[in-house]
Structures are given as C-alpha cells and as structure tokens.
Amino acid sequence: MVTDPIADFLTRVRNAQMARHRIVEIPASNVKKRMTEILYEKGYILKYKFEDDNKQGVIKIALKYDAVSKEPAIKSLERISRPGLRQYAKPSEIRRVQNGLGISIISTSKGVMSDKEARAQNVGGEVLCSIY
C-alpha cells in the first residue's frame, strides 16, 4: 500500500527518465489520470494510454526525450503539498514555476488543473506538484 500516491507517480516518472526508459507504467486513479493529461497537454510527455485491468487500472506513459541530446523533456518533478504538510494557495498566491517556463498542478474545487488555468478561472486549491 502506498501512503502518498501522487509522490509515487512523480517518483516512477523521475526514475524511469533517469534510467532512460521509453514507457513507464503507473497504477491509475482519477487524480493521476488528470495529471497525466495535463503533462501531455503541456508537452512534457509523448503520449499516454489508460488501460483497464479488472482492478484499478494502469496508466502507460511514453516519456519524451530530446532527439539530439537525449535529455528528458522534464527537468524536475517536485512534490509541493505532502500528506504531513498540505500547501494551499489562493489564486493571487499561486507562484509561477521557473518564471513561467514550468507548471504547477493544482487540485481545485473545479478539478485538477495547471496553475495558469487556475489563475484564469480565479480558483485556488492544493498545490500538488511543480514541473519544469
């Protein structure tokens, strides 16, 4: 049993990139599915697929690397809000990641979304992680 599934999601992606794997498999949940969709929309992963295995399901993520230097598209994955110390932010307090080059993923009352979408919809929430 995993006590922090979001940290597990980030760690699996981080470890797969360090090992230069093409695909990483992650146990599915609705929050992790939405986080995967956001990473795809923002261009941090190549593609993804949700598979149903009569249990909770699996997310298969194809990681993205630079064609020339073979460097991963994601430079840093950092968990902000943890189970022991939750981090919440109002719309005006949501900080930009790497001066706008990265994104934060925020769990709001209107669903899981990127920091830019949260500011546009003027909603705050729990800052799950930052990625650049």
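**Aromatic pairs and the sheet they sit with**

The structure holds 2 aromatic pairs, and I should say at once that what we are looking at is a predicted model. Take tyrosine 40 and tyrosine 48 to begin with: their ring centres lie 5.3 Å apart and their planes meet at 75°, and since an angle over 60 degrees counts as edge-to-face, that is how this pair is classed. The other pair joins tyrosine 48 to phenylalanine 50, with 5.1 Å from centre to centre and 45° between the planes, and this one is tilted. Taken together, Tyr40, Tyr48 and Phe50 make up one aromatic cluster.

How accessible are these residues? Tyrosine 40 has a relative accessibility of 40% and therefore counts as partly exposed; tyrosine 48, with a relative accessible area of 28%, is partly exposed, and phenylalanine 50, at 31%, also counts as partly exposed. There is a charged neighbour to mention as well, because the definition of a charge over a ring asks for a distance within 6 Å of the ring centre, and lysine 33 lies over the face of phenylalanine 50 at 5.4 Å from that centre.

Let me turn now to the sheet. Strands of a sheet pair through backbone hydrogen bonds, and they can do so in a parallel or an antiparallel way. Here 3 strands form an open sheet in the order β1-β3-β2, and the pairing is antiparallel. The edges are β1, residues 23–27, and β2, residues 45–51, each of which pairs on one side only. Neighbouring strands of this sheet are turned against each other by 20° on average, if direction is ignored.

Which strand does β2 pair with, and over how many bridges? The partner is β3, residues 58–63, and the two run antiparallel over 6 bridges. To give one position, lysine 47 has alanine 62, in β3, as its bridge partner.

That leaves the helices. Helix α1, residues 5–18, packs on the sheet, where it touches β1 and β3, and its direction makes about 165° with that of β1. Helix α2, residues 30–41, lies across β1, β2 and β3, and runs at about 155° to β2.

To come back to where I started, the cluster of Tyr40, Tyr48 and Phe50 is the feature I would ask you to look at in the model, together with lysine 33 over the face of phenylalanine 50.

Key: Residues numbered from 1 in each chain as written. Predicted model: local features only at pLDDT ≥ 70, side-chain atom pairs only at ≥ 80, totals over all residues. Heavy atoms only, no water. Phe/Tyr/Trp six-rings, centres within 6.5 Å; stacked < 30°, edge-to-face > 60°. Buried < 20%, exposed > 50% of the residue type's maximum accessible area, 1.4 Å probe, protein only. Lys NZ or Arg CZ within 6 Å of the ring centre and 35° of its normal. Pairing = 2+ DSSP bridges. Helix = DSSP H or I, 4+ residues; strand = E, 2+ residues; numbered from the N terminus. Axes fitted to C-alpha atoms, helices over the stretch in contact; angles between N-to-C directions. Contact = heavy atoms within 4.5 Å.
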